[in-house]
Amino acid sequence: MFSLPNFLRGSAVLFTMALLLGALRGQGKPKLSEDRELKEIDLTSWNCLNKLEGSARTPDGVERNRLKNRSAIDIAALPLKDLDAAGFLRGVAGFEAQTNGKRRKDLSPAEREQLEPLEKEIVQLTGYLVLAYCGPPETTNCASVDFHDWHLELFEKPSDHPPQPGDPTPIICEITPRTQNAIYHDNVRIQELTAFFRGPDLTYQATGHKAHKVRVIGYRLWDDEHNGRADVGPTIRTVGANKFHNPWRSAAWEIHPVIKIVPLDGTTSNAPNIGPSPVATTTPASMPSPEKSNPPEKTPLPVPASPNQPQSVTLTQPVKLRIPYGEVTLPKGMKLPAISHDAQTVTIQYMGGNYVIVISATDFR
C-alpha cells in the first residue's frame with residue numbers, strides 16, 4: 001500500500017489542524033442575549049424546564065447545575081443575618097483555605113462534608129450594584145441564549161466607573177430563569193439599580209443612575225469552575241482582550257440563584273417593563289470628543305437662564321463618549337445638565353466632566 005513519507009505526513013497533520021482552527025475561528029464569538037432588562041418569561045417554552053441538571057455531561061457538572069437550578073422558597077420566616085462583602089467571605093473562609101484551586105470532583109470526604117451545609121444555606125448580602133449583564137449560554141440552562149442568567153456584580157463601595165485595574169473585586173450574584181419572574185413582579189429593574197451595564201458587544205454602557213445599595217437574598221453556591229487565580233483575587237489586575245476584568249471575583253463563592261432583591265437607598269425600582277433597545281455602535285461623524293477638542297472656530301454660548309430654555313437636555317438617541325477610563329454609551333432618554341450650546345452642538349455634564357455632543361442627538365431645540 002502506498003504511504004506518505006514521514007515529513008509529508010507531518011505536513012498533512014499540520015495542514016488539517018490549520019483548517020480546523022480556521023473553522024473554529026470562523027464560528028465567531030458565542031451569541032449573547034440582547035436583553036437589557038428583566039421581563040416576564042414563559043418558562044413552558046423552555047426545553048430545560050424539567051432538566052435541573054441542564055445539559056451537563058459530567059457528575060460534577062450535574063451536581064453544580066442542580067444547585068444553580070434550585071427554585072425560590074418562602075423566605076419571610078427565615079432569620080437571615082445581613083452580611084456585607086467581608087462578612088460573606090468570612091463565612092466561607094475556612095473552606096476556602098483548605099480548597100484553594102480545587103474543583104468539586106477533587107474534594108476529600110471531609111471537605112465535602114464541610115461544603116454541603118454551606119451550600120444549603122440562604123444568605124443575604126448588602127452591597128452596591130456597579131455592573132450587571134446577561135450571562136452567556138451555559139449547560140445550566142441547556143445552552144439557551146434566551147433563557148439565561150443575569151450576572152450582578154456587588155461591590156463593598158459605589159463606583160463612578162466600570163471595574164478597572166486597581167479596583168477591588170466583587171461578589172457575584174446570579175438571577176436564573178427560574179427566579180426571574182418573581183423578582184420582576186417585585187418591580188425590580190436592573191437598569192434602575194446598576195450604574196453600568198455590559199451589552200452583548202461587551203462594551204460598558206452607563207445607565208444614567210448611580211450604583212445603588214441593594215440587599216440580595218439567595219442560596220450560597222461554590223462555583224468551583226471559577227476557583228483559580230485567573231478568576232479569584234482581591235484586586236483587579238488586568239482587563240483582557242475580551243474586555244473582562246481579571247480576576248473578576250473575590251471568591252468562587254456566589255449567591256446563585258438570587259431569590260429576592262431589595263433596594264436600600266430610597267430607590268423605588270418600579271419602572272414599566274423595558275424591552276430590548278438598540279444601542280448605537282458608532283459615534284456620529286460630526287461628534288466631537290470631550291470639551292478639550294472643541295472646534296476652535298465655535299465658541300459655545302451660555303444657555304439662557306429662562307423658562308423657555310431648559311438647563312438640561314434629554315438624549316433622543318444613544319450617544320458614545322470617550323471618558324478617562326474608556327468609553328461609555330449614554331442611553332436614549334437619559335437626562336443630562338446642559339452647560340452651553342451653539343447651532344450644532346450642546347455641552348453637557350457627565351460624571352463630573354464636560355462633553356460636547358451633536359445637538360441633533362438631544363431634544364434641545
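Which residues lie nearest the centre of the largest pocket? Before I answer, please keep in mind that this is a predicted model, in which local features need pLDDT of at least 70 and side-chain atom pairs count only at pLDDT 80 or more, while totals for chains, interfaces and linings use all residues. Residues are numbered from 1 along each chain as its sequence is written, and side-chain values use heavy atoms, with hydrogens and water left out.

The residues nearest the centre are L32, Y133, P136, H151 and F244, out of 28 that line the pocket. A pocket here is an open set of points on a 1 Å grid over the protein atoms alone, where a 1.4 Å probe fits, with protein on both sides within 12 Å along at least five of seven lines, and lining residues have an atom within 4 Å of a point.

Let me turn to the aromatic rings, where Phe, Tyr and Trp (its six-membered ring) pair if their centres lie within 6.5 Å, with planes under 30 degrees apart called stacked, over 60 edge-to-face and the rest tilted. By this rule there are 4 aromatic pairs. W46 and F147 are stacked, at 5.4 Å centre to centre and 15° between the planes. W46 counts as buried because its relative accessibility is 4%, where buried means under 20% relative accessible area with a 1.4 Å probe and protein chains only; F147, at 12%, is buried too. W150 and F197 form a tilted pair, 6.4 Å centre to centre with 55° between the planes, and both of these residues are buried. Finally, ring pairs join F95, W222 and W253 into a cluster.

Notes
Buried means under 20% relative accessible area, exposed over 50%, partly exposed in between (1.4 Å probe, protein chains only).
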